[in-house]
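Work through the following exercises with the structure at hand, trying each task before reading its solution.

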Amino acid sequence: MDPLQARQQMTLPEFRSLRDFIYAKSGIFFSESKQYFLENRLSKRTTDLKLRSYADYLALLQGSEGPAELKRLFVEITTNETSFWRNPPQIEAFQNIVLADAARQARERGQTRLRIWSAACSSGEEPYTLAMICQEVKDTLLRGLTVEILGTDISEKVLAQAQEGSYNSYTLRNLTPEQVQRHFTPQTKDLFQIRPEVQRLTSLRNFNLVDYAGYRQLGFFDVIFCRNVLIYFDEAVKGKVLKEFHAQLHPGGFLLVGHSESIHSFNTGFELLHFSKAMGYRKRS
Ligand SMILES: C[S@@+](CC[C@H](N)C(=O)[O-])C[C@H]1O[C@@H](n2cnc3c(N)ncnc32)[C@H](O)[C@@H]1O
């Protein structure tokens, strides 16, 4: 059957109710031009659940089975595109400037741990990129510091992939053969498992960035990466999330956002840093 014909049609009122529900639960905002996207992502789910309309799907989400279905909804509606070494100039700035400065500040504060948060880590490529970099300098730049990289996401599906730590050669395309050899064990001709010493630096958990009460439990960080997720939020949610990041960073700590994401318009208490071909922010001390 033509998949377009098979797709369950979403009415405008249904779209608006679902859109408002999704926004309240995740901060992800769909403008009216995205009705097709939502219909596309949720049509199969409503069919699988044998529901007759998206209004029935919303009722399910709001009922006793809501919490379980909400996890499923997050899997369906999120865009999880990511890659190792994404935005190389920013990763290089982390490697060459941010890490050394964060380590220096951590030592000056008497910390024994350096904590880095990959907020919205998708299938693990971002936190593992940071872990590989840290692993390579653990006995030099990071000597005496224990590194902890926390990867969080709202989608259980990508977190499970990150936990698995197994990637195909296409996914590893941005890494040099030396990096692949150093940090991965071949499993099959086309599958590579991240090595335990890199994986051990990383812990993964589900965290919803609009769970404003939950941030305190995550503790304080020296560096926060939050790349390519703020674009899905509106200004109100972005402002609140940035406020929480600010609260969870040590003074002088770094915030690295995606290259198309600017936080200039927010009075956030961060100063802008210009690296070669990349930007970042530092919490004013
Ligand atoms: C495009 S990926 C970016 C992954 C990675 N940071 C990068 O730049 O390559 C966006 C991720 O944000 C996650 N996400 C969306 N809304 C979220 C929320 N409210 N809380 C936590 N994660 C969220 C999605 O599940 C998705 O994996």
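**Exercise 1. Sort the residues in the shell around the ligand by class, and find which come nearest.**

By class, the shell holds 7 nonpolar, 9 polar and 5 charged residues, where Ala, Val, Leu, Ile, Met, Phe, Trp, Tyr, Cys and Pro count as nonpolar, Asp, Glu, Lys and Arg as charged, and the others, Gly among them, as polar. Of the 21 residues around the ligand (each with a heavy atom within 4 Å of it), T82, R86, A120, D153 and N228 come nearest. The model is predicted, so local features need pLDDT of at least 70 and side-chain atom pairs pLDDT 80 or more, whereas totals for chains, interfaces and linings use all residues. Residues are numbered from 1 along each chain as its sequence is written, and side-chain values use heavy atoms, without hydrogens and water.

**Exercise 2. Locate the polar side-chain contacts of the ligand.**

Look for pairs of N or O atoms within 3.5 Å. Begin with R86, which has a side-chain N or O atom 2.8 Å from an oxygen atom of the ligand. Continue to N228, where a polar side-chain atom lies 2.7 Å from a ligand oxygen atom, and finish with N208, whose side chain places an N or O atom 3.1 Å from a ligand nitrogen atom.

**Exercise 3. Classify the ring pair F94 and F225.**

The whole structure contains 13 aromatic pairs, meaning rings of Phe, Tyr and Trp (its six-membered ring) with centres within 6.5 Å, called stacked with planes under 30 degrees apart, edge-to-face over 60 and tilted for the rest. For F94 and F225 the centres are 5.3 Å apart and the planes stand at 75°, so the pair is edge-to-face.

Key. A polar contact is a pair of N or O atoms within 3.5 Å; within protein, one must be able to donate a hydrogen and the other to accept it, and residues adjacent in sequence count only if both atoms are side-chain atoms.
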